[in-house]
Each structure stands twice: as structure tokens, then as C-alpha cells.
Amino acid sequence: MEQWTKKHILGIKDLSRDEIETVFNLAASFKEISQREVKKVPALRGKTVLNLFFENSTRTRTSFELAAKRLSGDVVNFSVSTSSLAKEESIIDTIKNLETYHPDIMIIRIESSTSLHTLTKYTQASIVNAGDGRNEHPTQALLDMFTVKEVRGNVENLNVLIVGDIMHSRVARSNIFGFQRFGGKVTVCGPSTLIPYEFQNLGVKISYDFDKAIEDADVVIMLRIQKERQTSCFFPTMREYLDRFALTPERLRRAKKDVIIMHPGPINWDIEISSSLKEQVHPLILKQAENGLAVRMAVLYLVGTQKRELVEVE
Amino acid sequence: MKILIKNATIVNADNIFEADILTANTRIVKVAKDITPPEPVDEVIDAKGKHVFPGFIDLHTHLRTPGREDEEDFLTGSQAAAAGGFTKIFCMPNTLPSIDNEGLAKWIFEESQKIGIVDIYPVGAITKNREGKELTEFGALRRVGCLSVSDDGVSLPDSLILRRALEYAKMIDILVVEHCEDLRLANKGAMRESFISSKYGVSAIPDIAESLIVARNIEMAKYLNTRIHLAHISTAKSVEFVKRAKNEGVKVTAETCPHYFMLTVDDIEENSFDARFKVNPPLGEKKDVEKIREALRDGVIDCIATDHAPHSHAEKELPFEDAPFGLIGLEFAFSLTYTHLVKAGILDLKEIANKLSANPAKIVGLSHCGVIQEGFIADIVIADLNRQWIIQEDKIRSKSKNTPFIGYQLYGVVEKTIHKGKIVFNEL
Ligand SMILES: [Zn+2]
Ligand SMILES: [Zn+2]
């Protein structure tokens, strides 16, 4: 394994293909550890890991917390809604305050798309992005790709289709950068009001026709759609949205036989995906969650141990 | 049903030629000299000396149904349309209730089929109840056959909704038609702000109430790279914006109406503030009329629509400032255009087929319509351009009679209208 040099994991944008592969290899080993009777390794022993969630997300927070614990890190959860921290200034104050405890890793989920770089200036710790606004959700993309690799045996040169509210999605952005690193051709599909025109310049294809777009896809990532997008007029009604962009058995029949269907969760059944497809697609989506733990262990391990020689996990 | 039209002078948007036309069922099956049909036809029409146009298409009609059937209904509206040479008309959704769902739109298509005189295409509302707040289901409207959406009567008051509507319409492939009027600036005025409005103290609408929104709409369509159609353009300033936009390649199309190339504020004064001259956008000044004519000639304005707006006698009897806006136009648009633009030397005769048939079909995406050509829909108008007629109130087929053109002597009489291979209007 090569020397890991990245201090922070702020986004997939910043990661090379080799670095992503390093995460995958490590995640595979950690996944194996999770199946042992004793699931802990001492990699982060003595390290302080702060799990800072300025936005609610029980699943991601739990996944990170467990990942840190399996690596024997000392984890402290700090969940506070941004409404009680009115301005970004006070987030900086919070970081400065927490910095006095000399944490080694800060895992941060934040509403703002542009704050993380600024926050790196106020701490010596490594920052791991657990989702920042609409910008990126790197560990989600890593676990998505890791899952694809596990199922198919490869993650290279795939046709990836991302469906739904592209505009507001950090999952979409991270996956675009991720799959493109491996030569993937990414198509984004959703209402024309929810796909920024400029996405063309990211080298992705824009489609408004799910029926057609699904035909070539090797991987389909269904995004969560928020009800508030309708009330703010991005589309007229949920009925019309579903008519065009829900994954239904009819649509799935148009896809390749070995298509991989993913969803970052939690799924709104009968919104993004028909509940009649539950048996067919849910096992893989649960596998994503399982892989999320392994990938997050890998990421914490890499940023937490970068200052010393990488030791074999076993 | 088979019809053979002999010795026709066919006027299409791109050429005028002599030929016979054979229709079978709903289509034109042959256009050629001296057709001898292989089997007997139901009707032979000798069109010697007549001019034969593709059926006219009106992108902008108000049929008042549902809600104000006392002013117009689908039958009288269809009859008026056919008498004016129109075979396809698009009715605006400012009805009671408004056409903002596919159920109502579907009902209109069905009623139109039942009557069978012309095709009535409902224009869906852009926003629910035309309130400018929430988008309607363009997808559902498109699925039942709507080709355009509009909140006509008002502009979209919110630029963000306009943006969403245009972006969403692009995906659905439905035409957004905007009534261009800054409602705050128009401030409930009754006529164009002008010397005359000032002289009589009539509350008035400045011409920029239109052109400001024209400019906004163009900028938006340009930014989003979407098409937009501008309804009833009436001012010289609007024409300038459209012209510039077209030169830049913006996908904007525009319509005007006969009254905007015919009448001015002076006509209002000369007719002692007769409310039949009250229309929105309001009649402009001489320079506007000149500019509109020029824009029609140069192709800056793509088509002529009627904005046929029936109102009851009682409503138009009200004082000018209290009466509703609007005038009827289905029965006069062709003759007004022919007399005052073609005979006056401003437009070539072919331009009638362009401005009233081919262009509207193209703009709204009606395929196989608007041209007399083999394989196209058999929508045909036979007119005598040498005959004259006088607009008389008691001859009007529309249920409402509110037109400022009573007493006008015009050239060009529509003698027969054929819709989908069936004679739906016969003057003689
Ligand atoms: Zn209007
Ligand atoms: Zn109108």
C-alpha cells in the first residue's frame, strides 16, 4: 500500500483514482473484520474523533460513530442543528472551542456547501466530510462505488444513471466525480427544472427521459426526492413526478438484466421506487449500508494514521 | 368522403400555383393539374377564379366555455371560426373554472370532436387557477393533446415561476405563450397612455407595460435556451426587442392581431369612447401600427392571431373605463389582412398562407397542417378575393357582436371551408 498523503477528505473531486482504490482495498479488509467475533482493531487507539452533525442524519452519524469505535477511537458525538447556531461565524466559534480538546479527526455534516475549506483553517484535526450542503458526500459515493465493485467485480467504464433531484444532491455530485475517475459515463436524469444546465460541462449527459436512459445503464442511483421541491414549483405535482421519474417494474424491465439499482437511503417506497420492487432491490440497498461502515472505517483509518507508517491491518 | 377541387389557384406560404386538389377522408391525397379521379368523388368544386388557402390556424381565441356560455360556446365559436376560414383554433384557459387540468382539456377535445366543425385545441393554464403560483401538470395536459400553455389575461407575475415554467415546458415539449403586461405598471388602465388619454383623463397603460415584459421573457428564454411565444404584440418597442432577439438566435416567436395593424388611440376618440374599441393590450399610436406592419412584412412577427374575445352586449355597453377588454375577430381576420395588408401592398399574397396557416402550425408543432400538400390534413379555404363584403352586426355568427369593425367594407370573401376533408362552411 502506498503512502496516504491527504489530510482531509473533503470531496471526491480531490481524490485520485489510486487513492479511491486504496480506500476500496482497505474497506474490503475491514469488511472482513466486521464478520469476526471480535470486531475491533486498535488502529485509532488514543485518537479523539469528533462526530459533528450540524444537520440531522441518524444513519450517517451512526455509521461514522461505529466505524470510529471499531477502530478503537474515542468518539464524541456533537449534534446541533444550525438553527441554534444561527450563523457560520458561530460554527467557526464551535470549531475553535472544540479544537481546545485537540481532536485528531472531525467528521462534519453541515448544511452549507462552501464551509468546509474555511473550517480546516481553525483546526489541526483532519476533517472528513459527512455531507456538506449540495456539494459532496464523499463517503456515500465511495460506498456506492465499492458496492458496485463488489457486485460486478469491477467499477471501470460503466454507464451510470443518476435519477431525481440532481440540482440539490451532494450524492449526485460525488458519484459523478467518482465514477468518472474510473472512466464511467454518467447520465443524470430528472425534471428539467432540477438539472443545472451547466452540468453538461461536467461531462455528464442530461436526459429527461428515464424510460430511454435506463436502457443502457449498468448502475442506476435513485436519489431521494423531497416533498418541498414540489411546493417550491420545481414540478407541478408528485403524481406527475412519479409518472416520469419513479422506478417501476415496467421501467426496470427496460433495463439490462444485470443492472445494479442503488439508493442512498432512506427510501420513500412508492415515491422513488415502487414497493413491488422491494424484494428485488432492497437487499442490495441494505448491502450499501453495510459497506458504508467498512468504507468509513477505511477513510478514518487513512486520515487518522497518515502521519505514521501504514501498518498492515491484520 | 372525397372532394375534388378543380382549377384552383393554390396559395401556399412559399408559392402560388394552379392545380386541382383531391381529398379522401381527412387527407389531401393529390395536388396536380387536371386530376381525373380513379373512382367517383362525393363533391366536385369548381374553383376557377378563386384562391385556395391552407386552413387558417388561430393560436389565440377565447371561447368563454366553460363559464360564460352566454358570450360564446363551442358551437358558435366553431361556426364563426369556419366562416372566417379557420380550421384549427386554440382556446385560452381564462374560463370558469380555468383549463388547468387534463380532465377539462380532454372534455374540450371531446366536445370539439362531437361538433366536428373545426378542431378546438385547449390551451392549458401555466399555473393552477391562473394564479401565478403553482405549475399545472404540463405532462398530463400534453398527454391529452394540449400543445401550448398560457395564463393569458395576465403575465406570469413571478420571474422564478416563469423560469420554472419554461424549463419544465422544455422537457414536456409544450409551447409557453405569454401575455406580456406588467400588471403593476398597467395599473388598471383602460387605454394606451397618450395625448388622448391625458386630454380626457382616462386611466392609462404606458406602452412599456408590454415591452418590459417582452424584454424579460426574451432574456429568460435566451438564458434557458428555451422557446417562448409572445401573444398579441402591439407596440413598436416590443417589436424592437423581438427583432433584436431573433437576430441573436433566441427561440422567440410572436403574434399580433388585426386590430394592432389597423387601429390607434385616435379611433377611440373618433368613436366617442365606444367600448368596442377597448382591448388589451390597448390600441397604440400611429407609429406602433406602422411598426407592426413592418414587423409582419419583415417576419419579425411570425403570425396573425385573432385574440377573439367575445363579450356580452350589456358588458360592452358600459362606459369605456368600466367595460371589459376584448373584441371578436374570427370572422374578419382574413379579410382585414387581405384588404389592409395584401391589397395595400405591404404583404405578398403568399404571406396570408404564411401568417395564418404555415407559421402558426410550425410554432405550436402541428404536423401535416398549414400547407396544401399531398399527405397533409385536408384543411382548405376557398376564397374569392375580388368580391367585397361589409361587416354587419346581424350577420355575425359569433354569439357576441363586439367588434370595432362594423361597417368596414372588405375584400376577400371566404366561400367554403373544408375541415379534415369535410365542407364545414358554405357561404353560398
Ligand atoms: Zn392576452
Ligand atoms: Zn387573449
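This short presentation covers a zinc site in chain B and the cysteines of the structure.

Good morning, colleagues. Please bear in mind throughout that this is a predicted model.

I begin with the zinc ion that is ligand 2. Which protein atoms serve as its donors? They are NE2 of B:His60, NE2 of B:His62, and an OD atom each from B:Asp152 and B:Asp307, at 2.1 to 2.2 Å from the zinc ion (ligand 2). The angles among these four donor atoms run from 85 to 169°, and the site is irregular. The site falls outside the tetrahedral class because that class requires all angles to lie between 85 and 135 degrees.

One of the donors has a second role: B:Asp152 bridges ligand 2 and the other zinc ion, ligand 1, with 3.4 Å between the two ions.

Along the sequence, the donor residues follow the spacing H-x1-H-x89-D-x154-D. B:His62 sits in the loop between strand S6 (56-61) and helix H1 (74-83) of chain B, while B:Asp307 belongs to the loop between strand S15 (303-304) and helix H12 (313-317), so this pair ties together parts 245 residues apart in sequence. B:His62 and B:Asp307 are both buried.

I turn now to the cysteines. How many disulfides does the structure hold over all chains? The count is zero. A:Cys233, for instance, has as its nearest cysteine sulfur that of B:Cys146, 19 Å away. A:Cys233 is also buried, at a relative accessible area of 5%. In chain B, the sulfur of B:Cys180 lies 12 Å from its closest counterpart, in B:Cys257, which is too far for a bond. B:Cys180 is likewise buried, with 4% relative accessibility.

Thank you for your attention.

Key
Residues are numbered from 1 along each chain as its sequence is written. Chains are lettered from A and ligands numbered from 1 in the order in which they are written. This is a predicted model: local features need pLDDT of at least 70, side-chain atom pairs count only at pLDDT 80 or more; totals for chains, interfaces and linings use all residues. Side-chain values use heavy atoms; hydrogens and water are left out. Donors are N, O and S atoms within 2.8 Å of the metal (3.2 Å for Na, K and Ca); water is not among the atoms, so sites may look incomplete. Four donors count as tetrahedral if all angles lie between 85 and 135 degrees; four count as square planar and six as octahedral if opposite donors are over 155 degrees apart and all others between 65 and 115; anything else is irregular. Helices (H or I, at least four residues) and strands (E, at least two) are DSSP runs, numbered from the N terminus. Buried means under 20% relative accessible area, exposed over 50%, partly exposed in between (1.4 Å probe, protein chains only). A disulfide is a pair of cysteine sulfur atoms within 2.5 Å.
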